[in-house]
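Hello,

Here is the structure I promised to pass on. Have a look at it first, and then read on for what turned up.

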Amino acid sequence: MTTDKSIEEIAQEYISYMKILEQAGSFAVFLLDRFGHYYYVTEYIEPPQELNIENLVHPDDLEAVKRIDKKVWEFLDTLPEEEKFAYKYIYELRVLEKGKYIRMIYQTRLLAFKDDNFLVMGMIDLAPEQSENTSVRFQIKNCVTDEIVPFAIETTTDTLLTLREREILALAKEGMFSKEISEKLNISIHTVNRHRQNILEKLRVDNMIEAIR
């Protein structure tokens, strides 16, 4: 939305719609600006600061979320201003609720930019799948065309390891030993073992079984 109105004025105009949206489902809804000010939060959530996703996200998911957010803003920078509002960002991750981590779907959409601020609407709902070991999932959806924008989530392993180290780890996951990996990649077994040691050190694990997990 391009307008001369302030973020506060725009937020007030959206509150009635947020209440309707809230009544249509069992999820929580909110309006939030860049600086963490909530203009509306579902009434049964108290206090509003409990929606601070960074404080509630499972530690194993938090780094992935930060990498996703960085790439989202890089994606937004490639879009014309009016097109920025066409997209919805859908996260599925583990969030702390009443002392227990549960998988939640966290959806956000930009509503307005103004100077150095912006307004975001969001919805939080229980995810259908409640597997404790499922990693973060993420989608960007164009709400005008229903297109899903391809988006690869880099894992901690991807960012820490070199291409060769990732190759060796992938082959180890297939059950290959160092000698088999050396033959497959046409490198010495000494080089394979050195890479394996680097993998353990970078991932801070004691053995390849832990690295594979």
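Which residues form one aromatic cluster? They are Phe 30, Tyr 38, Tyr 91, Tyr 106, Phe 138 and Phe 151. Please keep in mind that this is a predicted model. Across the whole structure, the search finds ten aromatic pairs.

Two members of the cluster also face each other across a pair of strands. Tyr 91 stands opposite Phe 138, which belongs to strand E6. The pairing itself is antiparallel, with six bridges joining E3 (residues 87-97) to E6.

E6 is a good strand to linger on. It covers residues 137-142 and has two faces: Phe 138, Ile 140 and Asn 142 lie on the covered one, while Arg 137, Gln 139 and Lys 141 lie on the uncovered one. So much for E3; what does E6 pair with next? E6 is also joined to strand E7 (residues 148-149), again running antiparallel, by two bridges. Lys 141, from the uncovered face, has Ile 148 of E7 as its bridge partner. The hairpin made by E6 and E7 has five residues between the strands, and Asp 146 in this hairpin takes a positive phi near 70°.

Phe 151 brings us back to the cluster, and it has a charged neighbour too. The charged end of Lys 71 sits over the Phe 151 ring, 5.1 Å from the ring's centre.

Now for helix H3, residues 59-77. Its 19 residues reach 28 Å from the first C-alpha to the last, close to the 27 Å expected at 1.5 Å a residue. Quite a few of its residues are buried: Asp 61, Leu 62, Ala 64, Val 65, Arg 67, Ile 68, Val 72, Phe 75 and Leu 76. An α-helix has 3.6 residues a turn, so residues three or four places apart point the same way.

Finally, two loop residues may catch your eye in a backbone plot. Lys 98 is in the loop between E3 and strand E4 (100-114), and its phi is near 55°, a positive value in a residue other than glycine. Is Lys 98 buried or exposed? Lys 98 is exposed, with a relative accessible area of 83%. Asn 186 is found in the loop between helix H6 (178-185) and helix H7 (189-203). Its phi is positive as well, near 60°, and Asn 186 is likewise not a glycine. This residue is exposed, with a relative accessible area of 70%.

Happy browsing, and best wishes

Conventions. Residues are numbered from 1 along each chain as its sequence is written. This is a predicted model: local features need pLDDT of at least 70, side-chain atom pairs count only at pLDDT 80 or more; totals for chains, interfaces and linings use all residues. Side-chain values use heavy atoms; hydrogens and water are left out. Rings of Phe, Tyr and Trp (its six-membered ring) pair if their centres lie within 6.5 Å; planes under 30 degrees apart count as stacked, over 60 as edge-to-face and the rest as tilted. A charge sits over a ring if NZ of Lys or CZ of Arg is within 6 Å of the ring centre and within 35 degrees of the ring normal. Buried means under 20% relative accessible area, exposed over 50%, partly exposed in between (1.4 Å probe, protein chains only). Helices (H or I, at least four residues) and strands (E, at least two) are DSSP runs, numbered from the N terminus. Two strands pair if DSSP finds at least two bridges between them. The expected span of a helix is 1.5 Å times one less than its number of residues.
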